[in-house]
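User: Hello, I am new to this structure and would like a close look at a single part of it. Please take me through it step by step.

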Amino acid sequence: MARSSSDIEPWHGYLDAAAVCLRELAVTARDATALDTAEGYRRWIAAARDGRAAGQHLYFIGNGASAMMASHFAADACKNAGLSAMAFNDASLLTAIGNDVSFTDIFALPLERLARAGDLVIAISSSGNSPNIIRGLDVARSMALTIVTLTGKRPDNQARTRGDLNFYVPADRYGWVECAHQLILHYWLDQYLNMHGAGAL
């Protein structure tokens, strides 16, 4: 049954709730030490800068809407920032691994084949508990890759303890987490371009 207009959430209230999620963004280091947001971004930008100088690569992983963000920001990082970046979103590769190996390995196996120590993995997961993300992060750790996680929902999600840098959005709705992740990624790339490129576009 359709909801009446009186049941619609107030637009400004919705925006305010989403904004609170961003203002309360929590950033932690690998040892769970809380970091100032600006320091977290500085470290992330430095990892990308140092990786570029050393000929390293960036790999973005995510499922569903997070997969679309992975593609979006791999493209922007490559085109706009001159970074060697890619997302593991090729349908043939994903379905082959999912069918012939396991869906849990759709990110882990490409990382094992392509990544090298020092490369940067950016994992985007609203829940932070997707088995294929966790498996990919564990493989990344075993290979001495640098890891940045973007998560939300529960504060004790599994991915949040697996990154060298962890950006956690304290929101209980997927839409708010996903919107926040997109802004977090845009802010990171804009600041990278301001500091090490031609400026944010």
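How many of the residues of strand 5 are buried?

Analyst: Happy to help. This is a predicted model, so local features need pLDDT of at least 70 and side-chain atom pairs count only at pLDDT 80 or more, while totals for chains, interfaces and linings use all residues. Residues are numbered from 1 along each chain as its sequence is written, and side-chain values use heavy atoms, with hydrogens and water left out.

Five of the five residues of strand 5 are buried, so this strand is largely enclosed by the rest of the structure. Buried means under 20% relative accessible area, exposed means over 50%, and partly exposed is in between, for a 1.4 Å probe and protein chains only. Strands (E, at least two residues) and helices (H or I, at least four) are DSSP runs numbered from the N terminus.

Let's look at how the side chains are arranged. In a regular strand they alternate between the two faces of the sheet. Here, Leu120, Ile122 and Ile124 point one way from strand 5, Val121 and Ala123 point the other way, and all are buried.

Next come the neighbours. Strand 5 belongs to an open sheet of seven strands with mixed pairing, in the order 2-1-7-6-5-3-4. The edges are strand 2 (34-35) and strand 4 (85-87), each of which pairs on one side only. Two strands pair if DSSP finds at least two bridges between them. Strand 3 and strand 5 pair in the parallel sense over five bridges, and Phe60 stands opposite Ile122 of strand 5. Strand 5 and strand 6 also run parallel, joined by five bridges; Ala123 has Thr149 of strand 6 as its bridge partner. Further along, strand 6 (residues 146-151) pairs with strand 7 (residues 165-168) in the parallel sense over four bridges.

One residue of strand 3 is worth following: Ile61. Ile61 is buried, with a relative accessible area of 0%. Ile61 and Ile124 lie 63 residues apart in sequence, yet their C-alpha atoms are 6.2 Å apart in space. Leaving aside neighbours within four places in sequence, Ile61 is in contact (heavy atoms within 4.5 Å) with several residues, including Val121, Ile122, Ala123 and Ile124, as well as Phe88 and Phe107.

Now for what lies across the sheet. Helix 7 (residues 174-196) lies across strand 3 (58-62), strand 5 (120-124), strand 6 and strand 7, and runs at about 140° to strand 6. Axes are lines fitted to C-alpha atoms, for helices over the stretch in contact, with angles from 0 to 180 degrees between N-to-C directions.

Helix 7 has a partner in helix 2 (residues 37-53): their axes come within 10 Å and cross at roughly 60°. That makes helix 2 oblique to helix 7; angles under 35 degrees count as roughly parallel, over 145 as roughly antiparallel, 65 to 115 as roughly perpendicular and the rest as oblique. Among the residues making this contact are Trp44 and Ile45 of helix 2 and Leu185 and Trp188 of helix 7.

Finally, a look at a loop beside strand 6. Ala144 is in the loop between helix 6 (131-142) and strand 6. Ala144 is partly exposed, at 48% relative accessible area, and its phi is near 65°, a positive value in a residue other than glycine.
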